Amino acid sequence: MEYRRLGSAGCAVSAFTLGTMTFGNETDEAGSREQLDAFVAAGGTFIDTADVYNAGVSESIIGRWLADRGPAVRDQIVLTTKARFPMGDGPNDLGLSRRHLQTAVRASLTRLGVDTLDLYQVHAYDPLTPLEETLRALDDMVRSGTVRYIGLSNFTGWQIQKAVAVARELGLNLPVTLQPQYNLLVREIEWEIVPSALDAGIGLLPWSPLGGGWLTGKYTQGERPTGATRLGEDPTRGVENYDVRSGQQRTWDVLDAVRSVASARGVGMAQVALAWLVDRPGVTSVILGARTLTQLQDNLSAAGLHLDATETALLDTASDPHPVDYPYGGPGSEQRSRTIRGGR
């Protein structure tokens, strides 16, 4: 396992993060504990959860595991959770208001059984709450010792820039991380979000690194998935939607490229997709979300795997989302480029 700085902060974290959205639903408590133990045994130190993951059950499972493993394990873990989405039916049971965040962080600390969170992230932008209110509430948490660092999740480029500008203007603690969806099938964040994060010194924590299972190669053209997989249970599920993805030739071009590199390397397709992502500019740690211990162990085998320039170029070409000419394509990009010329 390799270790990296948490964005611009001095804290070090493992290059892979254990995502726990499945804990308490797709993965029972016994299976969740197996994953936690295996992750730590592999050198993993970074664990990601959220209060909304199965209505707090994920946090509670992690809290009981931490209590059982004791200080020797807890002191090595960098623990992060998130708040923003509904945790009740009331009008103040969601959002990024000071009221909700203060309530949410206390509840998360209780479920996790800790006094301090290493990283506290807002799960998405809230258009109804002024950023000043949110950022002041988060800053108060850092200054009081409730949390050590703050981060963002699912923010767009302009939202990142505004959050950073407001925090600097008010002299508040700056966000150090951003959790975006990012993988070989979802590269559009490279147009605005990645440059914004790089400019602000914010580290990326990509979620869905395998595109909801697509990049493992388990889905085939013309055959709708069935069985005990996310798309097998619901082929129209969210951004992983089989009918949408399978109808795009780019999907199959990407899978062919990943399969080619994997075959030449003698590794699995998932490992190649993860290796490509972990070395993208600005990436601090890639979030692994697995239903089973076997899936997690397969993903962890990507630790230490790095692709060469030729392999990376093959994947880059196949996965290029081909933006239109303006503003992200050739002519638009050329307008923003500049080289120094002159002299004889």
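Trainee: Okay, so contact means heavy atoms within 4.5 Å. Leaving aside its neighbours within four places in sequence, which residues is Ser196 in contact with?

Mentor: Keeping in mind that this is a predicted model, Ser196 is in contact with Gly157, Ile160 and Gln161 once its neighbours within four places in sequence are left aside.

Trainee: Where does Ser196 lie, and is it buried or exposed?

Mentor: Ser196 lies in helix 7, which covers residues 193–200, and because its relative accessible area is 5%, under the 20% limit, Ser196 counts as buried.

Trainee: And what lies 3.3 Å from a polar atom of its side chain?

Mentor: That is the backbone oxygen of Gly157, and Gly157 is also one of the residues in contact with Ser196.

Trainee: Switching to Thr116, where is that one?

Mentor: Thr116 lies in the loop between helix 4 and strand 6, the strand being residues 117–122, and Thr116 counts as buried because its relative accessibility is 15%.

Trainee: Which backbone oxygen lies 3.1 Å from a polar atom of the Thr116 side chain?

Mentor: The backbone oxygen of Gly145 does, and Gly145 also appears among the contacts of Thr116 beyond four places in sequence, which include Arg74, Leu109 and Val147 as well.

Trainee: Helix 4 came up there, so how does it pack with helix 2?

Mentor: Helix 2 (residues 57–69) and helix 4 (residues 98–112) pack at an angle of about 45°, with their axes 7 Å apart, and the two helices are therefore oblique to each other.

Trainee: Which residues make that contact?

Mentor: Helix 2 contributes Glu59, Ser60, Ile62, Gly63 and Leu66, while helix 4 contributes Ser108, Arg111 and Leu112; by type, these residues divide into 3 nonpolar, 3 polar and 2 charged.

Trainee: What about the largest nonpolar core, how many residues has it got?

Mentor: It has 86 residues, and those with the most contacts inside it are Ile47, Leu79, Leu117, Tyr120, Leu215 and Leu315. The largest share of this core, 9 residues, comes from helix 11, residues 269–278. As background, nonpolar side chains tend to be buried together in soluble globular proteins.

Trainee: Which residues does Leu315 touch?

Mentor: Not counting residues up to four places away in sequence, Leu315 touches Leu184, Arg187, Ala257, Val258, Val261, Val272, Trp276 and Leu307.

Trainee: And the second core, what's in that?

Mentor: The second core is separate and has 10 residues, including Leu6, Ala9, Cys11 and Val176.

Definitions and conventions:
Residues are numbered from 1 along each chain as its sequence is written. This is a predicted model: local features need pLDDT of at least 70, side-chain atom pairs count only at pLDDT 80 or more; totals for chains, interfaces and linings use all residues. Side-chain values use heavy atoms; hydrogens and water are left out. A nonpolar core is a set of buried Ala, Val, Leu, Ile, Met, Phe, Trp, Tyr and Cys residues joined through side-chain atoms within 4.5 Å. Buried means under 20% relative accessible area, exposed over 50%, partly exposed in between (1.4 Å probe, protein chains only). Helices (H or I, at least four residues) and strands (E, at least two) are DSSP runs, numbered from the N terminus. A polar contact is a pair of N or O atoms within 3.5 Å; within protein, one must be able to donate a hydrogen and the other to accept it, and residues adjacent in sequence count only if both atoms are side-chain atoms. Axes are lines fitted to C-alpha atoms, for helices over the stretch in contact, and angles run from 0 to 180 degrees between N-to-C directions. Angles under 35 degrees count as roughly parallel, over 145 as roughly antiparallel, 65 to 115 as roughly perpendicular and the rest as oblique. Ala, Val, Leu, Ile, Met, Phe, Trp, Tyr, Cys and Pro count as nonpolar, Asp, Glu, Lys and Arg as charged, and the others, Gly among them, as polar.
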